[in-house]
Amino acid sequence: MPFIIGTPTPDNKILVQSVSHIYGIGLAESRILCQKAGFGDDARGVHVTPEKSKLLESLVDNTDLLVGADLRRFQNDKIRRLYAIMTYRGLRHKKGLPVRGQRTHTNAKKRIYFNTNVV
């Protein structure tokens, strides 16, 4: 089972879907990366050699996208900044309530109050 940017790619799963499991890479970007690396549409995790794995990692590194732990860190820093300047959105994140104007009368009742993982 090869690892690409810290994400395991199962041997029996189609490679395009496995690469899309990397945080920050969607299915369309995954298809493009696999085509650039020379994999077909039916390639699976078994077909990934260590050289091809390094090629995929270098292709992902050369894109302008933040992926994996870097993207998570960037998003958490944005949320921490919102809370630090005491914005409405930051307080909603802190309380675990909907942030983008969703209703709370009938929905969003089971969210954890004071989510400690984010802030």
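**Figure 1. Contacts of Ser-30 in the predicted model.** In this predicted model, Ser-30 touches Leu-15, Val-16, Val-19, Ser-20 and Ile-25, when residues up to four places away in sequence are not counted. The close-up is centred on helix H2, which runs over residues 27–37 and holds Ser-30. Ser-30 has a relative accessible area of 0% and is therefore buried, since the cut-off for a buried residue is under 20%. A reader who follows the contacts outward from Ser-30 will meet, among them, two valines, Val-16 and Val-19, and another serine, Ser-20.

**Figure 2. Ile-4 in strand S1 and its partners.** Strand S1 covers residues 3–4, and Ile-4 lies in this strand. With a relative accessible area of 1%, Ile-4 counts as buried, because this value falls under the 20% cut-off. Leaving out residues up to four places away in sequence, Ile-4 touches Thr-9, Val-19, Ile-22, Ser-53, Leu-56 and Glu-57. One of these contacts, Ser-53, is worth following along the chain as well as in space: Ile-4 and Ser-53 are 49 residues apart in sequence, while their C-alpha atoms are 6.3 Å apart.

**Figure 3. The loop between S1 and S2.** Ile-5 and Gly-6 are both placed in the loop between S1 and S2. Are these residues buried or exposed? Ile-5 has a relative accessibility of 27% and so counts as partly exposed, whereas Gly-6, with a relative accessible area of 64%, is exposed. The backbone also deserves attention here, for the phi of Ile-5 is near 55°, a positive value in a residue other than glycine. Most residues other than glycine have a negative phi. From Gly-6 the reader can look across to Ile-22, which is 16 residues away along the chain, with the two C-alpha atoms separated by 8.3 Å.

**Figure 4. Thr-7 in strand S2.** Thr-7 has its place in strand S2, which consists of residues 7–8. A relative accessible area of 16% makes Thr-7 buried, because the limit for this class is under 20%. When residues up to four places away in sequence are set aside, Thr-7 touches Pro-2, His-21 and Ile-22.

**Figure 5. Val-48 in the loop between H2 and H3.** The loop shown here connects H2 with helix H3 (50–62), and Val-48 lies in it. Although it belongs to a loop, Val-48 counts as buried, at 10% relative accessibility. Leaving aside its neighbours within four places in sequence, Val-48 is in contact with Pro-2, Leu-15, Phe-39 and Ser-53. A further distance can be traced from Val-48 to Lys-13: these residues are 35 apart along the chain, and their C-alpha atoms are separated by 12 Å.

**Figure 6. Helix H5 and the residues around it.** Helix H5 spans residues 88–95, and within it Gly-90, Arg-92 and Lys-94 are buried. The cover over the buried residues of H5 includes helix H4, which runs over residues 69–84. The loop between H4 and H5 contains Met-86, whose phi, near 60°, is a positive value in a residue other than glycine. Just after H5, Gly-96 also takes a positive phi, in this case of about 80°.

**Figure 7. Charged side chains over aromatic rings.** Two lysines are shown together with the rings over which they are placed. Lys-52 lies over the face of Phe-39, at 5.2 Å from the ring centre. Lys-94, one of the buried residues of H5, lies over the face of Tyr-83, at 5.3 Å from the ring centre. As for rings paired with one another, the structure holds 0 aromatic pairs.

**Figure 8. The largest pocket and its lining.** The largest pocket has a volume of about 200 Å³. Its lining is made of Gln-75, Lys-78, Ile-79, Arg-81, Leu-82, Arg-89, His-93, Val-99 and Arg-100. Which elements give two or more residues to this lining? They are H4 and H5, and the largest share, 5 residues, comes from H4. Sorted by character, the lining residues divide into 3 nonpolar, 2 polar and 4 charged.

Note on methods. Residues numbered from 1 in each chain as written. Predicted model: local features only at pLDDT ≥ 70, side-chain atom pairs only at ≥ 80, totals over all residues. Heavy atoms only, no water. Buried < 20%, exposed > 50% of the residue type's maximum accessible area, 1.4 Å probe, protein only. Helix = DSSP H or I, 4+ residues; strand = E, 2+ residues; numbered from the N terminus. Contact = heavy atoms within 4.5 Å. 1 Å grid on protein atoms, 1.4 Å probe; cavity = no way out; pocket = protein on both sides within 12 Å on 5 of 7 lines; lining within 4 Å. Points joined across faces, edges and corners; volume = space filled by probe spheres on them. Nonpolar A, V, L, I, M, F, W, Y, C, P; charged D, E, K, R; others polar. Phe/Tyr/Trp six-rings, centres within 6.5 Å; stacked < 30°, edge-to-face > 60°. Lys NZ or Arg CZ within 6 Å of the ring centre and 35° of its normal.
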